[in-house]
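Visitor: Please take one part of this model and go through it closely, with what surrounds it. I am new to this, so explain each term when you use it.

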Amino acid sequence: MRSWQVFWPISILPAIAALMVLSVPQAFADDPPDPAAEAKAFRDYFIHKFSDVKLENFVNGPYSLNEGMRRQWQEIEQFPPYEFSLEKGKELFARPFTNGKNYGDCFPNHGIGIRQNYPYFDTKAGEVVTLELALNDCRKANGEPAISYLGDDMAALTAYMAFTSRGKPFDIKIPDDPRALDAYRNGKRYFYTRRGQLNFSCATCHVQYPGERLRAEVLAPALGILNAMPIYRSEWGSMGTISRRFATCNSQTRGVPLEPQSQEYRDLEYYLSYVSNGLPISGPGARP
Amino acid sequence: MTVTASTASGQLFLWPLVALSLVGCAASANAAGSQSDFETAYAAADAAEQEAGHLRNRWTVTETALAGARKAAGEGDFDRARDMAREAEALAKASVFQAKSEKEAWKNLEIR
Amino acid sequence: MASSIRVRAIANGGITEVQTLIQHPMDSGFIKDENGQFIPAHFIQELTFEHDGRKVFVADWGTAVAKDPYVKFSFKGGNKGDDLKVGWIDNQGTTDTTTVKIQ
């Protein structure tokens, strides 16, 4: 029997599973979303599921749900592994471009203490602007080449900017613009859509199984999941951006990652940040 | 194809030659058939993967199978290449199915 | 150039607790770069902590220690205001050293 004849039905299994889910009678009208109500429902789900976790502690990801890991993390935070990247980020942020200007000139308040306002919906451009996108836009506007969204420099810069906002609550706005509502809705749909051969959605791990183990890792809750970004992951041995994490989550479910800062990823970041409004920025973070 | 010879020994001599040439013909016919089978299979797999790409839902394993098929074809192993291409097509079609069914199915996971 | 060594030492009831974070690639020599070339081994071989002219902690490291190593240990003795000297030398002969005051 040829190998493809064996693998074909196995590889189709996830799709069959999806079909079985479809066959369960459900009726969801395609209502226009009510983001405020949905964000409240989102929060309530996690508050109810983990009644002994204080709301603001959800930003600590797996540490909020696992005591052993939390103790190790508290020790590590006395001498955090992200210090080097954070220092580099401060340096890079202050370094002037060839034309004499610097990043501070592109941002409100010179870029200090503003991370909690990103992403925002740019009504002029008609799209979601994330902090990473804004940094590269700043570079391009000042005649500098863009830097990789997956690389160390972008991670260091966003680490520094997050650090200046530590403790400030996420304050993501959805303006009264149908395109902004669409972006929110797209992000929400992306979050719940199964993808990759392993047929996981973001929700599969971060809504259904937070606190449980996936191989040797403890899964983080989706509530507050971006508050600690960017993160120094021991697994990476380096600081990684939101773009990097989205891409690796995709490939881990055996889905080919989309381009960094593609519309889907920006809309996803918009949605995830909005539903965590009110929770404090804790970045940069350290994770296993 | 029949071979006759005037003498018994002549027949004995010629038979292996006939057999060999028949095998030779069959082998090259097989090779040509194999290659075109592979090309058909790969074209189908590639088309399905393009559709998955448009749906923004390609799988890493599909890409690996396609690369494996190309590599085997490059080495002249068209049977294996065709098999890998068929697997790639199945994977690509599954990813397309996933993308299409998830258009509605995602709502089942939504927190309400 | 900034030191590669971050260190904090706190004296409490006759025991001093020391934490260190060192910036170093700690390359094992077994990893290849994007071009398929081995990244040469580059790792700290000896790490030493000295107090009052005495070595209080010496580590002999190899390739199994990960990048940007973190060390935490305690030693008997040490008073607030004393000097604690930290130094390392790696397999390529590079060294770094720093001195801090015990808190």
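Guide: From the N terminus on, chain C runs β-β-β-β-β-β-β, where β is a strand and α a helix; both are DSSP runs numbered from the N terminus, with at least four residues of H or I for a helix and at least two of E for a strand. This is a predicted model, in which local features need pLDDT of at least 70 and side-chain atom pairs count only at pLDDT 80 or more, while totals for chains, interfaces and linings use all residues. Residues are numbered from 1 along each chain as its sequence is written, and chains are lettered from A and ligands numbered from 1 in the order in which they are written.

Chain C has 7 strands and 0 helices. Its C-alpha atoms fill a box of roughly 55 × 25 × 20 Å along the principal axes. Of its 103 residues, 20% are buried. A residue is buried if 20 or more other C-beta atoms lie within 10 Å of its own, exposed if 12 or fewer do, and partly exposed in between, with C-beta atoms placed from the backbone. Where chain C meets chain A, chain C gives 8 residues and chain A gives 6. The chain C side of that contact holds 3 nonpolar, 2 polar and 3 charged residues. In this sorting, Ala, Val, Leu, Ile, Met, Phe, Trp, Tyr, Cys and Pro are nonpolar, Asp, Glu, Lys and Arg are charged, and the others, Gly among them, are polar.

The part to look at closely is in chain A: helix α6(A), residues 152-163. At 1.5 Å a residue, its 12 residues should span 16 Å, and its end C-alpha atoms are 16 Å apart, so the two values agree. The expected span is 1.5 Å times one less than the number of residues.

Of the 12 residues of α6(A), 9 are buried, so the helix is largely enclosed by the rest of the structure. Those buried residues are Met154(A), Ala155(A), Ala156(A), Leu157(A), Thr158(A), Ala159(A), Tyr160(A), Met161(A) and Ala162(A). They pack against three elements of chain A: α4 (83-94), α5 (131-141) and β6 (238-240). Two residues are in contact if their C-beta atoms, placed from the backbone, lie within 7 Å.

Take the neighbour α5(A). The axes of α5(A) and α6(A) come within 10 Å and cross at roughly 115°. That makes α5(A) roughly perpendicular to α6(A). Axes are lines fitted to C-alpha atoms, for helices over the stretch in contact, with angles from 0 to 180 degrees between N-to-C directions. Angles under 35 degrees count as roughly parallel, over 145 as roughly antiparallel, 65 to 115 as roughly perpendicular, and the rest as oblique. The crossing of α5(A) past α6(A) is right-handed; that word applies if the near helix is turned clockwise from the far one by less than a right angle, and left-handed if anticlockwise.

At this crossing, Leu131(A), Glu132(A) and Leu135(A) of α5(A) meet Met154(A), Leu157(A), Thr158(A) and Met161(A) of α6(A). By class, the contact has 5 nonpolar, 1 polar and 1 charged residues. The buried residues of α5(A) include Leu131(A), Glu132(A) and Leu135(A), along with Leu133(A), Ala134(A), Asn136(A) and Cys138(A). Besides α6, the buried residues of α5(A) pack against β2 (127-129), α9 (242-252) and α10 (263-274) of chain A. After α5(A) comes Gly143(A), whose phi is positive, near 75°.

Another glycine of chain A, Gly104(A), sits in the loop between α4 and β1 (120-122). Gly104(A) has 15 C-beta neighbours inside 10 Å and therefore counts as partly exposed. Leaving out residues up to four places away in sequence, Gly104(A) touches His110(A) and Gly111(A).

For a second helix pair, turn to chain B, which has 3 helices and 0 strands. There, the axes of α2 (residues 60-74) and α3 (residues 78-105) come within 8 Å and cross at roughly 160°. That makes α2(B) roughly antiparallel to α3(B). The crossing of α2(B) past α3(B) is left-handed. The residues of this contact divide into 13 nonpolar, 3 polar and 2 charged.
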